[in-house]
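Reader: I'd like to go through the ligand contacts with you, and I'll keep asking how each label is earned. Could you show me the model?

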Amino acid sequence: MSQICRSQIIEVLHLNDRYSCLQIYAPQIAETAQAGQFVNLQVGEDGSIDPLLKRPFSIHRIDRELGMIYLLIKVVGVGTEKLQKMKAGQGLEMIGPLGHGFRLQNTGKALLVAGGIGIAPLYELAVQLSESGVEVTVLLGVTDQKDLILSTVMEEYDPQIIMVNPGVSSQRKGLVTELAAECLSSKEYDQIYVCGPEPMLKALHQQLGSNLINSQFSLEERMGCGVGLCFSCVCKVKQDDGTGEWKHERVCTCGPVFMGNEVVF
Amino acid sequence: MNRLSVNLGKLQLTNPIITASGTCGFGYELSPYLTTLPGGIVLKGLTLEERQGNPTPRIAETPAGILNSIGLQNPGLAKFKQSYRTKIADIDTCIIANISGNTVEEYARLTEELSKLAEIDAIEVNISCPNVKKGGMAFGTDPIAAHQVVSEVVKRSSLPVIAKLSPNVTDIRVIARAVEEAGADVISMINTMLGMKIDIRSGCPVLGNIMGGLSGPAIRPIAIRMVYQVAQVVDIPIIGMGGVRTLEDVLEMLMAGATAVSVGTATMIDPALPSRLVQELADYCREKEIVNLKSIVGMALPSEMNV
Ligand SMILES: Cc1cc2nc3c(=O)[nH]c(=O)nc-3n(C[C@H](O)[C@H](O)[C@H](O)COP(=O)(O)OP(=O)(O)OC[C@H]3O[C@@H](n4cnc5c(N)ncnc54)[C@H](O)[C@@H]3O)c2cc1C
Ligand SMILES: Cc1cc2nc3c(=O)[nH]c(=O)nc-3n(C[C@H](O)[C@H](O)[C@H](O)COP(=O)(O)O)c2cc1C
Ligand code: FES
């Protein structure tokens, strides 16, 4: 069950001017949070009119013992800029944990495919999968040099990296879908997890074929409330009646993680 | 004696705080966050047939407000009866259904069917949705069409009928009088104001449906003005809404002439807000020794109106 709580920033780690990692003391949320769930947090002061809405962020890491959660933030606008400038000790109002996270299996091999900031929820997933003995392979597609910092976040899982605009010739140029295709043709994976921008999700979705049934996609959509009240955040999923027709489902309550064979792009 | 209780015509509420349609789902999504129940919960707009609504993005932030273009996504009457009504059955407050249609007959059929359900206590007729092509706001911007829809709903309803007005008109008093004459028990106002936002980086409209309805603090002065105007020309009670977020905003809306006050956008930001407003209003009344809210309703109206 999600809760509205006042949490406290313990540390803001500036990875570079584009990315930051927030360590937050929120024991009620840490206690029940699952990999793939998110929180909706207030970025302005209490009663703020600009920005008005809370902002959704994936739970990047969970430390139940210490009651901590970690968020990995990419600065894209007013709200994320404010977050990046926050200081240790400041309070944050948030609601969480929200949505349905990843459904983990405890055996076999897992392929985790991230596009950019899509790496955020995959860290906690990788931790939990490897703790239960699953062999984890991480693929990360990024745009440029600044994004490379995201690989350090995943260092212990030795991510394979591909870049749209590489700066040096030793770096591989291309899209993460190419890496995924190579991995899938050389090895069998029992579980595939994907998170990233929509064009990447769509391309991978088309490419997965018979692997779709073992795949899970974490989706992003512009949100209003984050808790199912407003129907702002919908995506297309297959109707349950087998007609092949789609319907709109709320990403915040039915997702953000959907099975590959249920989501429609 | 509950000093917060109010009468909306035949409808009695334990307190004057209501959650606005489209911002509290079908009630069950919100109720876990509510420690004190608001006097009423208005469900997401229902139509006869299921609707998938508009393409995304459906929401955009604007100064002190939001634009939405949901487009009345809802399960339709049949699925609502089958799988949703049980979920609201044990929410112990006034449950108000909000209905929309393409034709007068669709409004009438929905009314008949919903009147039969024990879970529903009143019907709010949405003649003011800016986000659908047919019906919706088209009925709410023409006094003759508004009269026609509301009188048909009143005829077929065994429950109190609330007419929800659109602010997208030149003179809202004309529409208000039309729905009162058609037999509406209550008027609720305002729905969202039609607006638009453009992403200057791409040069494209931000919303998938291009235009959307503006809500939130940005529209509060407009809502206050319209409630104040309508309170002077009708005798039926008004549910005031538009940008309400604090106890001060609730009081302002009551003083403008509203008997009850709905919160919409503010509930989306803080789902516990409706409960807090009920408690704060109770504290305020105790402190100011107000035994009946009637003593502040319409306080700002010209003195001959202030009865
Ligand atoms: C379930 C979910 C999980 C997310 N997890 C993370 C995360 O772990 N780390 C992270 O950095 N970001 C995450 N996001 C995206 C994040 O919510 C947005 O980047 C943020 O809300 C932008 O706020 P802003 O005020 O800085 O931007 P704004 O000034 O509001 O907008 C700037 C631009 O950001 C984009 N944007 C705004 N809101 C969203 C949104 N909800 N989804 C996608 N794009 C948006 C738009 O293109 C917009 O033009 C997640 C989004 C969702 C829905
Ligand atoms: C996301 C959203 C969905 C809405 N859906 C409906 C609806 O289905 N029917 C309706 O009558 N009004 C709908 N409204 C209008 C609200 O009920 C309310 O009239 C309006 O938002 C003004 O109040 P506020 O500023 O407190 O939000 C919706 C508003 C929002 C923000
Ligand atoms: S964001 Fe409001 S329903 Fe999902």
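Author: Here it is, and keep in mind that it's a predicted model. One definition before we start: Asp, Glu, Lys and Arg count as charged, Ala, Val, Leu, Ile, Met, Phe, Trp, Tyr, Cys and Pro as nonpolar, and the others, Gly among them, as polar. On that basis, the shell around ligand 2 splits into 15 polar, 7 nonpolar and 2 charged residues.

Reader: Which residues of that shell come nearest to ligand 2?

Author: Of the 24 around ligand 2, the nearest are Ser21(B), Lys164(B), Gly216(B), Gly243(B) and Thr265(B). The ligand itself lies between chains A and B.

Reader: What makes the pair between Gly243(B) and ligand 2 a polar contact?

Author: The cut-off is 3.5 Å between N or O atoms. A backbone N or O atom of Gly243(B) is 2.6 Å from a ligand 2 oxygen, so the pair counts. Ile190(B) passes too, because a polar backbone atom there is 2.9 Å from an oxygen of the ligand. For Gly45(B) the value is 3.2 Å, again from a polar backbone atom to a ligand oxygen, so that pair also qualifies.

Reader: How much of ligand 2 does the protein cover?

Author: On its own, ligand 2 has 610 Å² of accessible area, and the protein covers 98% of that.

Reader: And why is ligand 2 said to sit in the largest cavity?

Author: The test asks for more than half of a molecule's atoms within 2 Å of the cavity's grid points. Ligand 2 is assigned to the largest cavity, so it meets that test there.

Definitions and conventions
Residues are numbered from 1 along each chain as its sequence is written. Chains are lettered from A and ligands numbered from 1 in the order in which they are written. This is a predicted model: local features need pLDDT of at least 70, side-chain atom pairs count only at pLDDT 80 or more; totals for chains, interfaces and linings use all residues. Side-chain values use heavy atoms; hydrogens and water are left out. A residue is near a molecule or strand if one of its heavy atoms lies within 4 Å of it. A polar contact is a pair of N or O atoms within 3.5 Å; within protein, one must be able to donate a hydrogen and the other to accept it, and residues adjacent in sequence count only if both atoms are side-chain atoms. Accessible areas come from the Shrake-Rupley method with a 1.4 Å probe; for residues, only the protein chains shown count as cover. On a 1 Å grid over the protein atoms alone, a cavity is a set of points where a 1.4 Å probe fits but cannot get out, and a pocket is an open set with protein on both sides within 12 Å along at least five of seven lines; lining residues have an atom within 4 Å of a point.
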